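Biologist: Before the discussion of terms begins, may the structure be placed in view? I should like each label to be justified by the value behind it.

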Amino acid sequence: MTAIVATDVLFKLSAPNANAGNVQAGYAGTSWGGYISTTVLNTSLPLDNLFTDITGPENAAGQVDYACVFVQNNTAGGNSMSNVIAWLPQAGITGTGSNLAMAVDTTGVVGINNTTPQALVINSSIIAPTGINTWVVPTSTTPTSPLYTNGLQLGTIAPTQCIALWLRRTALNSSSPSLSSFQIEVMFSTGS
Amino acid sequence: MAGFYSLVAPSLRALKILWPNQQRQGNPIPHNVTVIGTIEYNVQTNIIATAIMEWNIGMPLSSQIRQTSADRTDFAY
């Protein structure tokens, strides 16, 4: 077996209208859970790659939006991603016009081609996914054992498996426009 | 008795050499990996544009006052 490298791990949008995993495209602005899509999160041109822009009225209203992103072990038959931790590094955040939080979907780790729902589904970005109670916020301290404070413990993701994460964005009624960005960091152990 | 020992010792050394190699194949050395995904969007704000219109409400110009021989009214301003 060869070791997993960073490029073996994919962040993917979700396809809320699919009926199986990894068969349908996903789209920014409508990544509302359900199934993993075939669309990899565009991190080369990240603008509006998951959430669309917060409009002026949405900003003034303090709108809260939700979006789903999948983490996939894209190795066909290699090592598993062990002790996976997902978190939002404070150092990766730019812009002050919104707050962010992240949670793990209650469905857990699943095969990427499953025909049963791989994540909760919402039909609007302003609707919270049901049953998710634990949200972590950005932190400047790397989550470490045993508490992994402000980190999400995702367990083990074997080859051709994935797990869904939910992002919650809150507009802050800021007085000036801004470009905002954040990073999802996933850490894990793998064999060599 | 001396011959017995010289026959046993070489085979024991061979077993000791082989065993560590088998252990490396069965127990991979773990290492940590970090993957980062970047997400970005604009935060817009409402802009309110105002246009001010103003005008004065004042007295009529003196040239507009009509004076007739029958009725003359003087005004002071």
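**The interface and its labels**

Modeller: In this predicted model, 19 residues of chain B are in contact with 45 residues of chain A.

Biologist: What area is buried between chain B and chain A, and which residues of chain B supply 29% of the area that chain B buries?

Modeller: The area buried between the two chains is about 2,900 Å², and carbon and sulfur atoms give 54% of that area. I39(B), E40(B) and Y41(B) supply 29% of what chain B buries against chain A, more than any other three residues. By class, the side of chain B that touches chain A has nine nonpolar, nine polar and one charged residues.

Biologist: What makes strand β9 of chain A and strand β1 of chain B a pair?

Modeller: Two strands pair if at least two bridges are found between them. Here 13 bridges join β9 (residues 178–190) of chain A to β1 (residues 31–43) of chain B, so the criterion is met. The two strands run antiparallel, and V186(A) has V35(B) as its bridge partner in β1(B).

Biologist: Why is the pair of F51(A) and Y41(B) called edge-to-face?

Modeller: By this rule there are two aromatic pairs over all chains. The ring centres of F51(A) and Y41(B) are 6.0 Å apart, within the 6.5 Å limit, and their planes stand at 75°, over 60, so the pair is edge-to-face. F51(A) lies in the loop between β2 (35–40) and α1 (56–60) of chain A, and Y41(B) in strand β1 of chain B, so the pair joins two chains.

Biologist: How many salt bridges cross the interface of chain B and chain A, and how many residue pairs are in polar contact there?

Modeller: The rule finds zero salt bridges across that interface, whereas 17 residue pairs are in polar contact.

Biologist: How do you know that D65(A) forms a salt bridge with R169(A)?

Modeller: The closest N and O atoms of D65(A) and R169(A) are 3.1 Å apart, and the cut-off is 4 Å, so the pair qualifies as a salt bridge. D65(A) is in strand β3 (residues 64–73) and R169(A) in strand β8 (residues 161–171) of chain A, 104 residues apart, so the pair links distant parts of the chain. A search of the whole structure finds one salt bridge over all chains.

Biologist: What is the omega of the cis peptide bond that joins S145(A) and P146(A)?

Modeller: Omega is about 0° for that cis bond. P146(A) is found in the loop between β6 (110–111) and β7 (152–157) of chain A.

Note on methods: Residues numbered from 1 in each chain as written. Chains lettered and ligands numbered in written order. Predicted model: local features only at pLDDT ≥ 70, side-chain atom pairs only at ≥ 80, totals over all residues. Heavy atoms only, no water. Contact = heavy atoms within 4.5 Å. Buried area = accessible area lost by both parts, 1.4 Å probe. Salt bridge = Lys/Arg side-chain N within 4 Å of Asp/Glu carboxyl O. Polar contact = N/O pair within 3.5 Å; in protein donor to acceptor, adjacent residues only side chain to side chain. Nonpolar A, V, L, I, M, F, W, Y, C, P; charged D, E, K, R; others polar. Helix = DSSP H or I, 4+ residues; strand = E, 2+ residues; numbered from the N terminus. Phe/Tyr/Trp six-rings, centres within 6.5 Å; stacked < 30°, edge-to-face > 60°.
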